[in-house]
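Take a look at the sequence and the fold below. Then follow the text from one spot to the next.

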Amino acid sequence: TGAPSLRAQLGKPADLAPLADAVTTMRAGGVGAGITVLTGAVRPEDAPRHKAETVGFLAGLGLDERDLVYVSPLDDAPDPAAAALEANAMIAALRDRTAAKVSPYRVDLYRYFA
């Protein structure tokens with residue numbers, strides 16, 4: 001998520017500067033960034049903020065056609081249907097605000113080891 005307070009709730013570092021720096025460094029070296037956004041990981045009441053701040057953060061990175069943003073519903077989300085709807089909304093918003101390729105992704109299809 002691009003929302004620092006929500007990242008902290010998920011046990012992730014709230015500071016997004018290292019991610020932004022890594023993307024900037026990769027792109028300066030001619031390498032496209034690959035970023036995965038999970039949906040269904042935050043409380044339903046936080047989903048609009050998750051979407052708005054994530055889209056805003058990613059739009060601010062200046063992503064282009066070299067970059068890929070995967071949007072994946074959390075496979076063990078409390079409400080899988082809501083996670084899927086959130087993913088569709090996230091994809092639409094990212095496609096409107098970034099030049100990156102935005103693709104749905106299902107991490108559960110690529111789990112090879114238990």
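Aspartate 64 and arginine 27 are both buried. Keep in mind that this is a predicted model. The two side chains meet in a salt bridge, with N and O 2.7 Å apart. Side chains of opposite charge can pair when their charged atoms come close. Now find the two partners along the chain. Aspartate 64 sits in the loop between α3 and β2, while arginine 27 belongs to helix α2. They are 37 residues apart, so this pair links distant parts of the chain.

Why does aspartate 64 count as buried? Its relative accessible area is 17%, and buried means under 20%. Aspartate 64 has another partner to look at. It also forms a salt bridge with arginine 66, where the closest N and O atoms are 3.2 Å apart. Arginine 66 is partly exposed, because its relative accessible area is 38%. Now put the pairs together. Salt bridges that share partners join Arg27, Asp64, Arg66 and Asp67 into one network.

How many salt bridges does the structure hold? The count is 6. Another one of them pairs arginine 43 with aspartate 46. Here the closest N and O atoms are 2.8 Å apart. Compare the two ends of this pair. Arginine 43 counts as partly exposed because its relative accessibility is 43%. Aspartate 46 has a relative accessibility of 6%, so it counts as buried.

Leave the charges and turn to the nonpolar core. In soluble globular proteins, nonpolar side chains tend to be buried together. The largest nonpolar core in this model has 20 residues. Which of them touch the most other members? They are Ile35, Leu58, Leu61, Leu63, Val69, Val71 and Leu94. Several elements give two or more residues to this core: α2 (17-28), β1 (34-39), α3 (47-60), β2 and α4 (80-97). The largest share comes from α4, with 5 residues.

Pick out two of these core residues. Start with leucine 61. Leaving aside residues up to four places away in sequence, leucine 61 touches Ala20, Val23, Arg27 and Ile35. Arg27 should look familiar: its side chain meets that of aspartate 64 in a salt bridge.

Next comes valine 71. Look for it in strand β2, which covers residues 68-73. Is valine 71 buried or exposed? Valine 71 is buried, because its relative accessible area is 1%. Residues up to four places away in sequence are again left out of its contacts. Valine 71 then touches Val37, Thr39, Ala87, Met90, Ile91, Leu94, Val102, Ser103, Pro104 and Tyr105. Glycine 30 gives a sense of distance. It is 41 residues from valine 71 in sequence, and the two C-alpha atoms are 23 Å apart in space.

The last stop is an opening. The largest pocket has a volume of about 360 Å³. Its lining is made of 20 residues. Which of them lie nearest its centre? They are Thr1, Arg7, Thr36, Val37 and Leu38. Two elements, β1 and α3, give two or more residues to the lining. The most comes from β1, with 5 residues. By class, the lining has 10 nonpolar, 7 polar and 3 charged residues. Val37 ties this pocket to the previous stop, since it is also among the residues that valine 71 touches.

Terms used:
Residues numbered from 1 in each chain as written. Predicted model: local features only at pLDDT ≥ 70, side-chain atom pairs only at ≥ 80, totals over all residues. Heavy atoms only, no water. Helix = DSSP H or I, 4+ residues; strand = E, 2+ residues; numbered from the N terminus. Buried < 20%, exposed > 50% of the residue type's maximum accessible area, 1.4 Å probe, protein only. Contact = heavy atoms within 4.5 Å. Core = buried A, V, L, I, M, F, W, Y, C linked by side-chain atoms within 4.5 Å. 1 Å grid on protein atoms, 1.4 Å probe; cavity = no way out; pocket = protein on both sides within 12 Å on 5 of 7 lines; lining within 4 Å. Points joined across faces, edges and corners; volume = space filled by probe spheres on them. Nonpolar A, V, L, I, M, F, W, Y, C, P; charged D, E, K, R; others polar. Salt bridge = Lys/Arg side-chain N within 4 Å of Asp/Glu carboxyl O.
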